[in-house]
Amino acid sequence: MPAADNGDKAADAREKPDKRKLYTKGQILSSSRYRARRDVLGALLEDGRGYTLEETDSIINKFMERKV
């Protein structure tokens, strides 16, 4: 029987953020990932609500693609 390789799965989980996990507005604004868009996200995200990373990226993309 091959041994289970749990070490690699644990390492992968630490390296890649879970896109399904919810983050608060404050957590998103303080993350280095969204440093360049802090001003936009500060205006667009609602207090007291959780956002996934995918949802946050989508909010940014919709805002950036809108007509002026």
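Biologist: Let's start with R33: by its relative accessibility, does it count as buried, partly exposed or exposed?

Modeller: Keep in mind that this is a predicted model. The relative accessibility of R33 comes out at 44%. Buried would take under 20% and exposed over 50%, so R33 counts as partly exposed.

Biologist: Which residue's side chain does R33 meet in a salt bridge?

Modeller: Side chains of opposite charge can pair when their charged atoms come close. Here the N to O distance is 2.9 Å, and the two side chains that meet are those of R33 and D57. The pair links distant parts of the chain, 24 residues apart: the loop between α2 and α3 holds R33, and helix α4 holds D57.

Biologist: And how large is the relative accessible area of D57?

Modeller: Buried means under 20%, and D57 doesn't meet that cut-off because its value puts it among the partly exposed residues. The relative accessible area of D57 is 24%.

Biologist: How many salt bridges turn up across the whole structure?

Modeller: R33 with D57 is one of them. R49 and E55 also meet through their side chains, and K25 forms a salt bridge with D47. A search of the whole structure gives a count of three.

Biologist: Let's take R49 and E55. How far apart are they, N to O?

Modeller: R49 is partly exposed at 35% relative accessibility, and E55 is partly exposed too, with a relative accessible area of 25%. Their side chains meet in a salt bridge, and the N to O distance is 2.4 Å.

Biologist: Which residue has a side-chain polar atom 3.0 Å from the backbone nitrogen of E55?

Modeller: We can look for it in the loop between α3 and α4. The residue there counts as buried because its relative accessibility is 16%. The polar atom that lies 3.0 Å from the backbone nitrogen of E55 belongs to the side chain of T52.

Biologist: Now K25 and D47: which of the two is exposed?

Modeller: The closest N and O atoms of this salt bridge are 3.4 Å apart. It links distant parts of the chain, 22 residues apart, with K25 in helix α2 and D47 in the loop between α3 and α4. K25 is buried, as its relative accessible area is 16%. At a relative accessible area of 65%, the exposed one is D47.

Biologist: Which residue's backbone oxygen does the side chain of K25 reach?

Modeller: Leaving aside neighbours within four places in sequence, K25 is in contact with L41, G42, L45, E46, D47 and R49. One of these offers its backbone oxygen at 3.1 Å from the K25 side chain, and that residue is G42.

Biologist: What about L22, which is 31 residues from L53 in sequence: how far apart are the two in space?

Modeller: L22 lies in the loop between α1 and α2, and it is exposed because its relative accessible area is 53%. Beyond its neighbours within four places in sequence, L22 touches Q27, G50, Y51 and T52. From C-alpha to C-alpha, L22 and L53 are separated by 7.7 Å.

Biologist: On to helix α4. How far does it reach from its first C-alpha to its last?

Modeller: Helix α4 runs over residues 53-65, which makes 13 residues. At 1.5 Å a residue the expected reach is 18 Å, and the model comes close to that, at 18 Å.

Biologist: How wide an arc do the buried residues of α4 cover around the axis?

Modeller: Those residues are L53, T56 and I60. They lie on the same side of α4 because the arc they cover is only 65°.

Biologist: Which helices do those buried residues pack against?

Modeller: The face of α4 turned away from its buried side carries the exposed residues K62 and E65. On the buried side, the packing partners are α2 (25-30) and α3 (38-44).

Biologist: Last one: what share of the chain's residues counts as buried?

Modeller: The chain has four helices and zero strands, in the order α-α-α-α. Its accessible surface is about 5,600 Å², with 50% belonging to carbon and sulfur atoms. Of the 68 residues, the buried share is 18%.

Conventions:
Residues numbered from 1 in each chain as written. Predicted model: local features only at pLDDT ≥ 70, side-chain atom pairs only at ≥ 80, totals over all residues. Heavy atoms only, no water. Helix = DSSP H or I, 4+ residues; strand = E, 2+ residues; numbered from the N terminus. Expected span 1.5 Å × (residues − 1). Buried < 20%, exposed > 50% of the residue type's maximum accessible area, 1.4 Å probe, protein only. Arc of directions from axis to C-beta. Contact = heavy atoms within 4.5 Å. Areas by Shrake-Rupley, 256 points an atom, 1.4 Å probe, with all protein chains shown as cover. Polar contact = N/O pair within 3.5 Å; in protein donor to acceptor, adjacent residues only side chain to side chain. Salt bridge = Lys/Arg side-chain N within 4 Å of Asp/Glu carboxyl O.
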